[in-house]
Amino acid sequence: TSSLLLLSLVSIISTDITSITTATKPTGIFAHAMSTASTKRGALIFLHGLGDSPAGWSSLQTSLPSLQSRLADIEYVFPAAPTIPITINGGMTMTGWFDVFDWPIAVGSKDDPVGLDRSVAQIEAEVAKLEGKGIPASRIVVGGFSQGAAASLLAVYGRNTRAYAGCVCLSGWLTLPSELKDLSATAKATPLFWGHGQHDDKVLFPQQKFGVEKLREAGVEDVEDQSYPVGHSSHPAEVQRLAEFVDAKLFAEQPAGVKEDL
């Protein structure tokens, strides 16, 4: 098929949720406050790839805490891309953050500004929901895989006015590179982890070098790029580094076991 193939390397673990009895449920204004405010210490917004769904990466909410225990205390958000016509799929509809015109996706591939704008707006809407729960952008990491990573890069760097905790790009690419000319100070200060498969035949490996160099040239101060001996998929060492990165950015200089007030 024309969709990007996602090979999940972590299993989805089901957990039981203990229900609250009617006798102990809060009522009135207190119930509303408890339903909208979050007790989590931060958040990870993670976007899936082309042709996938939130379920494709939802296992991160169990795998990441198993690697870094403090990540059990953050909120996980897995937005769903809309179903849209995709040019490389013969115009047939599938889930996608924006249209894709070239295959494989090499440096210089055509971008879809309208679709990208829509995706950035959806990411910002998710950020606004978290802010409404009391989690500021400075405690939110935004990222994704493949097409979801491309949308995240644009939201965090190309269009960013918020001070995010960090950005994650797994097997993604930099869209609209010309928009990096005048990055905001907050964008330049936002750390990035970019992991990519050395044998990627869908989002070609040179995309990582191109994107990392462009971001550094634009003034992004903290960019970590790592490559792995895989194709268009994740690698166990990459998931481990992802956990370390998110933990470090959300709990910087905070000793394990100590909670910091937001």
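Visitor: What does Phe-98 touch in this predicted model, leaving aside residues up to four places away in sequence?

Guide: Phe-98 touches Ile-84, Ile-86, Asp-112, Gly-115, Leu-116, Arg-118, Ser-119, Gln-147, Ala-150, Ala-151, Trp-173 and Thr-175. Each of these counts as a contact because heavy atoms lie within 4.5 Å.

Visitor: What makes Phe-98 notable within the largest nonpolar core?

Guide: That core has 48 residues, and Phe-98 is one of those that touch the most other members, together with Ile-45, Ile-140, Leu-153, Tyr-157, Leu-192 and Leu-215. The elements that give two or more residues to the core are E1, helix H3 (113-132), E5, helix H4 (147-158), strand E6 (166-170), E7 and H6. H4 gives the most, with eight residues.

Visitor: Why is such a set called a nonpolar core?

Guide: The name applies because the members are buried residues of nonpolar types, such as Ile, Leu, Phe and Tyr, joined through side-chain atoms within 4.5 Å. Another core, of 24 residues, lies apart from the largest one; Leu-44, Ile-74, Ala-243 and Leu-250 are among its members.

Visitor: Why is Phe-145 called buried?

Guide: Phe-145 has a relative accessible area of 2%, and buried means under 20%; therefore Phe-145 is buried. Phe-145 lies in strand E5 (residues 140-145).

Visitor: What separates the C-alpha atoms of Phe-145 and Gly-49?

Guide: The two C-alpha atoms are separated by 5.5 Å, although the residues are 96 apart along the chain. For the chain, 73% of the contacts between residues at least 6 apart in sequence join residues at least 24 apart.

Visitor: What makes Ser-171 and Leu-176 unusual in their backbone?

Guide: Phi of Ser-171 is near 55°, a positive value in a residue other than glycine. Phi of Leu-176 is near 45°, again positive in a residue other than glycine. Most residues other than glycine have a negative phi. Ser-171 lies in the loop between E6 and helix H5 (185-188), and Leu-176 lies in the loop between E6 and H5 as well.

Visitor: How do you know whether Ser-171 and Leu-176 are buried or exposed?

Guide: Ser-171 has a relative accessible area of 0% and Leu-176 one of 11%. The limit for buried is under 20%, so both residues are buried.

Visitor: Why is the peptide bond from Trp-103 to Pro-104 called cis?

Guide: Its omega is near -5°, and the bond is cis. Most peptide bonds are trans. Pro-104 is found in the loop between strand E4 (93-95) and H3.

Visitor: How do you know that strands E7 and E8 pair?

Guide: Strand E7 (residues 192-197) and strand E8 (residues 223-228) share six bridges in the parallel sense. Pairing requires at least two bridges, so E7 and E8 pair. Trp-194 stands opposite Asp-225 in E8. With helix H6 (residues 206-217), E7 and E8 make a right-handed β-α-β unit.

Visitor: Which residues of helix H2 are buried, and what do they pack against?

Guide: In H2 (residues 60-67), the buried residues are Leu-60, Ser-63, Leu-64 and Pro-65. They pack against strand E1 (43-47), strand E2 (75-77) and helix H7 (236-250).

Visitor: How many helices and strands does the chain have, and what part of its residues counts as buried?

Guide: The chain has seven helices and eight strands. Of its 262 residues, 49% count as buried. The chain exposes about 12,000 Å², and carbon and sulfur atoms supply 55% of that area.

How values were computed. Residues numbered from 1 in each chain as written. Predicted model: local features only at pLDDT ≥ 70, side-chain atom pairs only at ≥ 80, totals over all residues. Heavy atoms only, no water. Helix = DSSP H or I, 4+ residues; strand = E, 2+ residues; numbered from the N terminus. Buried < 20%, exposed > 50% of the residue type's maximum accessible area, 1.4 Å probe, protein only. Areas by Shrake-Rupley, 256 points an atom, 1.4 Å probe, with all protein chains shown as cover. Right-handed = clockwise from strand over helix to strand, strands pointing away.
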